[in-house]
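Let's take a walk through a protein fold together. Have the sequence and the 3D view open, and follow along one piece at a time.

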Amino acid sequence: MSFTGKENHDITLAEATAWTANYRKYAPTNSTKAHFFGKDAIQAILDQDNCVGIRIYYAQDPEGKQQLIVVGADANENDLYEGRLAERSSPCPPACGGGSPLLLG
């Protein structure tokens, strides 16, 4: 199977709210609930030659905190690891904003 960049990743708000609530139910107290990446970082990855989407890796930093690594992927399902990578997200908490059903539902 190959990637096209047109894969359907739709999820309803009800489903997404249920899934995030399920995660919070089993996650340790004060665990990271989400990560924010700025538009420029994501766009720079997507703008690479042959990039049709992104892959996100679970990671752990030297302090033992959960992180995500974002890398572009090509149509042959290969990581574009020699190109732009992203991390240094803004984790929630503390950067959570407020009122989202994904956070509160």
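Before we start, one term: helices here are DSSP runs of H or I with at least four residues, strands are DSSP runs of E with at least two, and both are numbered from the N terminus. Also keep in mind that this is a predicted model. With that in hand, we can place a residue that will come back later: L46 sits in helix α2.

Now look for the sheet. It is an open one with 3 strands, in the order β2-β3-β4, and the pairing is antiparallel. Strands β2 (53–60) and β4 (85–86) are at the edges, and each has a single partner strand, so one side of each is left without a neighbour in the sheet.

Helix α2, residues 39–46, packs on this sheet and touches β2, β3 and β4. Its direction makes about 35 degrees with that of β3.

Let's go strand by strand. β2 and β3 pair in the antiparallel sense over 8 bridges. One pair to find on screen is Q60, whose bridge partner in β3 is Q66. The two strands form a hairpin with 5 residues between them. In that turn, look for G64, which has a positive phi of about 85 degrees. On to the other pairing: β3 (residues 66–73) and β4 run antiparallel to each other and pair over 2 bridges. Here V71 stands opposite L85 in β4.

What about the surface? L46, I54 and I56 make a nonpolar surface patch of about 230 Å². Is L46 buried or exposed, or something in between? Its relative accessible area is 34%, so L46 is partly exposed, since that class lies between under 20% for buried and over 50% for exposed.

Finally, let's turn to charges. Side chains of opposite charge can pair when their charged atoms come close. How many salt bridges does a search of the whole structure find? The search finds 2.

One of them joins D79 and R55, with the closest N and O atoms 2.3 Å apart. D79 lies in the loop between β3 and β4, while R55 is in strand β2, so this pair ties together parts that are 24 residues apart in sequence. R55 has 23% relative accessibility, so it counts as partly exposed.

There is also a salt bridge between E87 and R88, where the closest N and O atoms are 3.0 Å apart. R88 has a relative accessibility of 74%, so R88 counts as exposed.

How values were computed
Residues numbered from 1 in each chain as written. Predicted model: local features only at pLDDT ≥ 70, side-chain atom pairs only at ≥ 80, totals over all residues. Heavy atoms only, no water. Pairing = 2+ DSSP bridges. Contact = heavy atoms within 4.5 Å. Axes fitted to C-alpha atoms, helices over the stretch in contact; angles between N-to-C directions. Patch = residues over 30% accessible without salt bridge, like charges linked within 9 Å, V, L, I, M, F, W, Y side chains within 5 Å. Areas by Shrake-Rupley, 256 points an atom, 1.4 Å probe, with all protein chains shown as cover. Salt bridge = Lys/Arg side-chain N within 4 Å of Asp/Glu carboxyl O. Buried < 20%, exposed > 50% of the residue type's maximum accessible area, 1.4 Å probe, protein only.
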